[in-house]
Amino acid sequence: MKLFGKSRRSAVSNAEPREAQLGIEESEKEELAKSLQRLYGERIALANQIRACQWNSEGKRAPELKQILIAAAPEIMIGNKESNQSRGNPIVQSLESPNEIAERISVLGRSLPASYEELRENSRLEITQSIDPERNAEQLTRSSELFIQTGREVIETARAARDEVTVQIVVDQIRPAEQLATQLKRF
């Protein structure tokens, strides 16, 4: 099919990606994208830490910690029959997928951190390895709280840019992390 002298296929394949027109100043957009990239890096690091704690914790209290972690992140508990049972846990809401953060970064016309190096650069979480469930719970609490702090910083940046969509996405991200931190403190 021809489209203004070019085939439709070549017109589409030669198209450059464009950022959405959001009404946000370029300087605010850059700052917002950078803060979202950091939040995304921390969300990925938090998921990896949850996975490691779920698999590495040993001892009497390990099953109890694993139940909390399965409720918080059932999607990362591959091959675990318990994950289907814990989805309805009223105490710990499942963490939101980081896909909405990724989409918002893209809408702002910026690249998503993809390599391990980029993810590490965009995360302030410090992760230590342990088999002790209590130490793992303490470390996860600190990581969750740091993720929440980063989320609140992103919310401030988004509000300054009058970007209520980003505000809502981040609120939805940090609410389950707050519940997880609370449960881990009680552990």
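**Reading salt bridges and helix packing**

Trainee: Let's start with one side chain. What does Arg124 count as at 33% relative accessibility?

Mentor: The idea is to compare the percentage with two cut-offs: under 20% is buried, over 50% is exposed, and anything in between is partly exposed. At 33%, Arg124 counts as partly exposed. Keep in mind that this is a predicted model.

Trainee: Got it. Which side chain does Glu42 meet in a salt bridge?

Mentor: For a salt bridge, look for a Lys or Arg side-chain nitrogen within 4 Å of an Asp or Glu carboxyl oxygen. Glu42 meets Arg124 that way, at 3.4 Å from N to O. Glu42 sits in helix H2 (residues 26-56) and Arg124 in the loop between helix H6 (116-121) and helix H7 (133-160), so this pair ties together parts that are 82 residues apart in sequence.

Trainee: And is Glu42 buried or exposed?

Mentor: Buried, with a relative accessible area of 0%. Its partner Arg124, as we said, is partly exposed.

Trainee: Which residue does Glu153 form a salt bridge with?

Mentor: Arg124 once more, the closest N and O atoms being 3.7 Å apart. Glu153 belongs to helix H7 and Arg124 to the loop between H6 and H7, so this contact ties together parts 29 residues apart in sequence. Glu153 is partly exposed, with 26% relative accessibility. When bridges share partners, you can follow them as a network: here Arg38, Glu42, Arg124 and Glu153 are joined into one.

Trainee: How many salt bridges does the structure hold?

Mentor: There are 12. One of them pairs Glu64 with Arg61, at 3.2 Å from N to O. Both ends are partly exposed: Glu64 has a relative accessible area of 40%, and Arg61 comes out at 26%.

Trainee: What about rings? Where does Arg61 lie relative to Phe187?

Mentor: Over the face of the ring, 3.8 Å from its centre. So, besides its salt bridge to Glu64, Arg61 has this placement over Phe187. If you go hunting for aromatic pairs, though, the count is 0.

Trainee: On to helices. At what angle do H2 and H7 pack?

Mentor: Read the angle between axes together with their separation. H2 and H7 pack at about 165°, with axes 9 Å apart. Angles over 145 degrees count as roughly antiparallel, and H2 and H7 therefore fall into that class. Their crossing is left-handed.

Trainee: How do the axes of H7 and helix H8 cross?

Mentor: At roughly 160°, with the axes coming within 9 Å; H8 covers residues 164-186. H7 and H8 are therefore roughly antiparallel to each other as well. H7 passes H8 in a left-handed crossing.

Trainee: One last residue. Where is the place of Ala177?

Mentor: In helix H8. Ala177 counts as buried, since its relative accessibility is 0%. A handy reading habit is to set sequence separation beside spatial distance: Ala177 and Val92 are 85 residues apart in sequence, while their C-alpha atoms are 8.9 Å apart in space.

Definitions and conventions
Residues are numbered from 1 along each chain as its sequence is written. This is a predicted model: local features need pLDDT of at least 70, side-chain atom pairs count only at pLDDT 80 or more; totals for chains, interfaces and linings use all residues. Side-chain values use heavy atoms; hydrogens and water are left out. Rings of Phe, Tyr and Trp (its six-membered ring) pair if their centres lie within 6.5 Å; planes under 30 degrees apart count as stacked, over 60 as edge-to-face and the rest as tilted. A charge sits over a ring if NZ of Lys or CZ of Arg is within 6 Å of the ring centre and within 35 degrees of the ring normal. Helices (H or I, at least four residues) and strands (E, at least two) are DSSP runs, numbered from the N terminus. Buried means under 20% relative accessible area, exposed over 50%, partly exposed in between (1.4 Å probe, protein chains only). Axes are lines fitted to C-alpha atoms, for helices over the stretch in contact, and angles run from 0 to 180 degrees between N-to-C directions. Angles under 35 degrees count as roughly parallel, over 145 as roughly antiparallel, 65 to 115 as roughly perpendicular and the rest as oblique. A crossing is left-handed if the near helix is turned anticlockwise from the far one by less than a right angle, and right-handed if clockwise.
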